[in-house]
Amino acid sequence: MKKYLLKILGVILLCGFISKPANLYNKGSTNIEQIPEFAISHILTAEAVYSACEFYGIIHPKIVVAQSILETGYYKSNICIKYNNIFGLYDSYQKDYFKFNYWWESVEAYRNKVQCKLGKNYCSEEEYYKFLEELPYATDPNYVSKLQKIISKCQTQNSKN
């Protein structure tokens, strides 16, 4: 019975997912083959965030994934869970955190609200770290070193696999 209910739930989720407007994925179609894997599974992992970063044209996805991990405590924060906000993006007009229907919408919002302030489509990692330090995005003076530690840890774990 449990397997049957899970299958039904999966079909309902998938059908509801496919009926979203075509522009949700910036691909102009709701054809299932064109929906990115990270969006189909709905599972929030560092690998899925990396894929979403690539999909949305994020500069330095490794750094941005590290930001998502740091900002959410490995995707466990209330803002992440309740609002699907994996960067702690704050709406100063509403005086609350941005709320998203799906976690990957926050990746697109990051590109449009944070990364756009860079003013160019590419820079070195050092320039990007400096950009992050100069933004009022993170107030922690150790923010960049924490990001670098997360990246190093993730690379170490990936090399073991």
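Before I turn to the helices, one convention is needed: angles under 35 degrees count as roughly parallel, over 145 as roughly antiparallel, 65 to 115 as roughly perpendicular and the rest as oblique. With that in hand, let me go through what you see above, which is a predicted model.

The axes of helix α3, residues 46-55, and helix α6, residues 103-113, come within 10 Å and cross at roughly 45°, and α3 and α6 are therefore oblique to each other. As for the hand of this crossing, the one between α3 and α6 is right-handed. Helix α3 also packs with α4, at an angle of about 135° and with the two axes 9 Å apart; that angle makes α3 and α4 oblique as well, because it lies in none of the ranges set for parallel, antiparallel or perpendicular. The crossing of α3 and α4 is right-handed.

To place these helices in the chain, let me step back for a moment. The protein chain has 8 helices and 2 strands, and, read from the N terminus, its elements run α-α-α-α-α-β-β-α-α-α. Of its 161 residues, 36% count as buried.

Let me return to α6, and ask how many of its residues are buried. In this helix 8 of the 11 residues are buried, so α6 is largely enclosed by the rest of the structure. The buried residues of α6 are Trp103, Trp104, Glu105, Ser106, Val107, Glu108, Ala109 and Tyr110, and you will notice that two glutamates, Glu105 and Glu108, are on that list. For the two tryptophans I can give values: Trp103 has a relative accessible area of 3%, and Trp104 is at 0%.

Those tryptophans bring me to the aromatic rings. A search of the whole structure finds 7 aromatic pairs, and in one of them the rings of Trp103 and Trp104 have their centres 5.6 Å apart and their planes at 85°, so this pair is edge-to-face. Ring pairs also bring in Tyr102, which is linked with Trp103 and Trp104 into a cluster. A tyrosine ring elsewhere has a charged partner, since Lys99 lies over the face of Tyr83, at 4.6 Å from the ring centre.

Now consider helix α7, residues 125-134, where the question is which residues are buried and which are exposed. Tyr128, Tyr129, Phe131 and Leu132 are buried, and they cover an arc of only 155° around the axis, which puts them on the same side of α7. On the other side of α7, Glu126, Glu133 and Glu134 are exposed.

Finally, two loop residues deserve a look at their backbone angles. Most residues other than glycine have a negative phi. Against that background, Tyr75 has a phi near 65°, a positive value in a residue that is not glycine, and Tyr75 is found in the loop between α4, residues 61-72, and α5, residues 78-83. Asn84, which is likewise not a glycine, has a positive phi of about 55°, and Asn84 is found in the loop between α5 and β1, the latter being residues 90-91.

Are these two residues buried or partly exposed? Tyr75 is buried, with a relative accessible area of 13%, whereas Asn84, at 21% relative accessibility, counts as partly exposed, because buried means under 20%.

How values were computed
Residues are numbered from 1 along each chain as its sequence is written. This is a predicted model: local features need pLDDT of at least 70, side-chain atom pairs count only at pLDDT 80 or more; totals for chains, interfaces and linings use all residues. Side-chain values use heavy atoms; hydrogens and water are left out. Buried means under 20% relative accessible area, exposed over 50%, partly exposed in between (1.4 Å probe, protein chains only). Helices (H or I, at least four residues) and strands (E, at least two) are DSSP runs, numbered from the N terminus. The arc is that of the directions from the helix axis to the C-beta atoms. Rings of Phe, Tyr and Trp (its six-membered ring) pair if their centres lie within 6.5 Å; planes under 30 degrees apart count as stacked, over 60 as edge-to-face and the rest as tilted. A charge sits over a ring if NZ of Lys or CZ of Arg is within 6 Å of the ring centre and within 35 degrees of the ring normal. Axes are lines fitted to C-alpha atoms, for helices over the stretch in contact, and angles run from 0 to 180 degrees between N-to-C directions. A crossing is left-handed if the near helix is turned anticlockwise from the far one by less than a right angle, and right-handed if clockwise.
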